[in-house]
Amino acid sequence: MATEAQLSSRERNAMLALLGLFFVFGLADHSLWSANDTREGAMIAAMARGESWTLPALNGTPYLEKPPLLHWTGAILCRLFGTVNEGLVRLPAALYGLGSVLLLWLFGRALGRERAGLIAAALCATTLLMAEYARIVLTDTALAFMVLVSLWLFWRAYIATAYRLLRFFMFLLATAVAFYAKGLLGPGLVWVAVGLFLLWRREWTLLCVLSLAYLPLLALVLAPWVAALWEAGGRAYLVSVFWDNQFGRFLAFSDPALPHDPYFVHKEPLWYYLKSAPVRLLPWTLLVAAALVQWFRRGSAYRGELALFLRLALVAMTAVLHVSSAKTACYLLPLFPLALLMTGLWLEDTLRRDAVRGWELALLDLTTGFLMAVALLAPAGVLVGNLMRWSWRDYNCWPGLSLTIYSAVLAVLALGLALLFLRHLLRLRRRGLLSSVVWLGPQMFMVLIMVNLAAVLPVCDAAKSYRPLADLVAQRLGPTGRVGFASDDERDTGALVFYLGHSVGALANADEVIRYLRATPAPAGVIVPEARVGELRQRLAGSSVEFLQARQGGYKARGFWLLVAPPPPPRT
């Protein structure tokens with residue numbers, strides 16, 4: 001182990017490799033479950049299969065709520081690899097998340113604190129929010145990356161002595177591209193941070209020049225997409241994309257004509273983030289709180305232009321998120337890298353002192369204890385679930401003996417690793433090597449998360465996968481059969497479109513289902529949620545329509561029935 005002030009190339013490379021493995025782990029070993037996975041995954045699949053690249057489309061209907069940076073990235077990856085699967089549509093979120101934490105490493109190096117930057121990267125990667133959203137198909141890690149890379153490019157340009165004009169151009173270009181991550185929120189977060197810093201520094205001329213240069217560049221970057229939107233949907237598309245889904249989200253929810261998300265989804269009070277952030281920052285909440293107190297207290301030891309920039313950026317972006325009408329926990333993600341960078345720097349400074357204060361030592365011990373408790377309880381819960389089978393009875397699914405044994409073996413491995421890591425950390429703690437505890441603790445936690453994910457995800461997939469239903473449809477209707485879906489649920493629609501590889505007909509009521517089954521050409525099938533099957537059985541009594549259900553599968557696949565109309569008899 002190197003001294004606190006040094007970082008060997010071996011330590012650096014090991015940490016970087018572990019971060020890379022952590023972000024790609026758990027992407028391809030389970031199907032698409034959640035509403036975000038299935039909806040956004042279906043849009044990426046449609047793009048990759050040759051549908052419109054102008055806007056993401058769900059079941060053939062343009063989805064105007066989000067710009068398509070994440071979807072373009074996923075579609076390009078699928079084209080490069082020549083296939084569409086769960087891992088590839090999840091990969092963009094993981095890559096953007098990895099890029100965000102690697103930028104913390106670069107910020108640390110810019111401060112001459114590479115070790116602290118890598119600690120911050122490990123802390124950020126293992127927060128509850130980042131670990132979750134880097135593994136689902138959603139735009140928030142792309143937003144976090146584009147905001148952070150824009151701030152990084154601004155800082156490098158601000159302190160540069162050579163090629164300064166080119167560096168500022170790169171900053172402006174990245175900030176313009178940030179619109180494609182999640183609309184005006186991306187450039188807005190960057191500009192409130194940069195603008196507040198330049199105002200604080202009284203750099204009036206630089207702020208004016210950058211602002212005036214940015215507007216035409218933003219227009220130039222958006223021009224191809226605006227032209228494509230106009231061609232696809234005219235003024236209605238432009239109003240929906242640039243007004244309803246940008247200013248409408250930020251200003252108010254008084255217009256019920258706004259999209260369902262956010263009008264019915266993200267209405268939260270002003271103090272929402274104060275209660276949600278501590279949970280999403282777990283397991284590092286206490287350390288982050290202590291670090292922010294030290295960074296923002298009067299007479300803080302963190303001085304200099306970069307420290308000032310980081311403080312003002314965090315304050316400005318937090319204020320923007322609080323005053324926005326649309327609020328949800330994942331919007332906090334762009335703030336996490338800055339908060340965790342401050343935490344990593346504070347931790348290293350704390351451990352460099354000759355004597356660590358009692359309350360600081362208590363925080364470290366509490367955090368370590370919480371980590372180890374989670375590491376011990378998680379695999380224990382998997383083992384108990386295997387023994388009692390409660391996890392799968394609720395899902396009406398038995399994953400099979402081989403998968404159960406696999407899960408149990410990995411849970412035992414995770415439990416053993418947790419005990420081994422706990423023993424090692426306690427030894428370091430007794431010897432007073434707190435810097436080693438802080439350096440190794442997050443790395444051990446990453447390993448334990450990966451082993452536990454490997455134990456849980458495939459087993460849960462047996463209960464939550466839509467694949468058995470899609471397999472039943474393909475088996476009975478073949479590649480050319482017509483398929484309708486008697487529901488407008490975006491999650492279920494996205495899953496079916498993704499796994500069937502084509503759109504399905506949207507059917508609003510029982511009359512439309514019956515007409516669809518009797519229309520030509522045949523064969524035809526309709527997927528019906530279980531709650532609506534009773535009415536259709538009564539109305540189709542005596543007909544030749546078959547009612548089928550997947551024999552194998554969990555509660556999601558068996559929550560639907562496939563109604564199949566046989567082909568008409570051949571003409572004589």
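Q: In this predicted model, in which helix is the place of Glu348?
A: The model is a predicted one. Glu348 lies within the residues 336-352. That run of residues is helix H17.

Q: Is Glu348 buried or exposed?
A: Residues under 20% relative accessible area count as buried. Glu348 has a relative accessibility of 6%, so Glu348 is buried.

Q: What distance separates the C-alpha atoms of Glu348 and Leu69?
A: Along the chain, Glu348 and Leu69 are 279 residues apart. In space, their C-alpha atoms are separated by 36 Å.

Q: Is Thr367 buried or exposed?
A: Thr367 has its place in helix H18, which spans residues 358-388. The cut-off for a buried residue is under 20% relative accessible area. With a relative accessible area of 4%, Thr367 is therefore buried.

Q: Which residues are in contact with Thr367, leaving aside its neighbours within four places in sequence?
A: Contact requires heavy atoms within 4.5 Å. Once the neighbours within four places in sequence are left aside, the residues in contact with Thr367 are Pro283, Trp284, Leu286 and Leu287.

Q: Which residues touch the most other members of the largest nonpolar core?
A: The largest nonpolar core has 175 residues. Those that touch the most other members are Leu151 and Phe154.

Q: Which residues are in contact with Phe154, leaving aside its neighbours within four places in sequence?
A: Phe154 is one of the two residues named above for the largest nonpolar core. Without the neighbours within four places in sequence, the contacts of Phe154 are Phe168, Phe171, Val194, Phe197, Leu198, Leu210 and Phe309.

Q: How many residues are in the second, separate core?
A: This core includes Ala510, Tyr516, Leu517 and Val545. In total, the second core has 18 residues.

Q: How are H2 and H23 placed relative to each other?
A: Helix H2 covers residues 35-48 and helix H23 covers residues 490-500; their axes are 7 Å apart. The two helices pack at an angle of about 40°. An angle from 35 to 65 degrees falls outside the parallel and perpendicular classes. H2 and H23 are therefore oblique to each other.

Q: What is the handedness of the crossing of H2 and H23?
A: On the H2 side, the contact includes Ala35, Thr38 and Arg39, and on the H23 side it includes Glu490, Arg491 and Phe498. By class, six residues of this contact are nonpolar, three are polar and three are charged. The crossing itself is left-handed.

Q: How is H4 oriented relative to H5?
A: Helix H4 (residues 86-110) and helix H5 (residues 114-125) have axes 7 Å apart and pack at an angle of about 160°. Angles over 145 degrees count as roughly antiparallel. H4 is therefore, with respect to H5, roughly antiparallel.

Q: How many charged residues has the contact of H4 with H5?
A: The crossing of these helices is right-handed. Among the residues in contact are Trp105 and Arg109 of H4, with Glu114 and Cys124 of H5. The contact has eight nonpolar and two polar residues, and its charged residues number two.

Q: How many residues of the contact of H10 with H16 are nonpolar?
A: The axes of helix H10 (residues 185-200) and helix H16 (residues 305-323) come within 8 Å and cross at roughly 135°, and the crossing is right-handed. The contact includes Leu185, Phe197 and Trp200 of H10, and Glu305, Phe309 and Met317 of H16. By class, no residue is polar, one is charged, and the nonpolar residues number 16.

Key:
Residues are numbered from 1 along each chain as its sequence is written. This is a predicted model: local features need pLDDT of at least 70, side-chain atom pairs count only at pLDDT 80 or more; totals for chains, interfaces and linings use all residues. Side-chain values use heavy atoms; hydrogens and water are left out. A nonpolar core is a set of buried Ala, Val, Leu, Ile, Met, Phe, Trp, Tyr and Cys residues joined through side-chain atoms within 4.5 Å. Buried means under 20% relative accessible area, exposed over 50%, partly exposed in between (1.4 Å probe, protein chains only). Axes are lines fitted to C-alpha atoms, for helices over the stretch in contact, and angles run from 0 to 180 degrees between N-to-C directions. Helices (H or I, at least four residues) and strands (E, at least two) are DSSP runs, numbered from the N terminus. Angles under 35 degrees count as roughly parallel, over 145 as roughly antiparallel, 65 to 115 as roughly perpendicular and the rest as oblique. A crossing is left-handed if the near helix is turned anticlockwise from the far one by less than a right angle, and right-handed if clockwise. Ala, Val, Leu, Ile, Met, Phe, Trp, Tyr, Cys and Pro count as nonpolar, Asp, Glu, Lys and Arg as charged, and the others, Gly among them, as polar.
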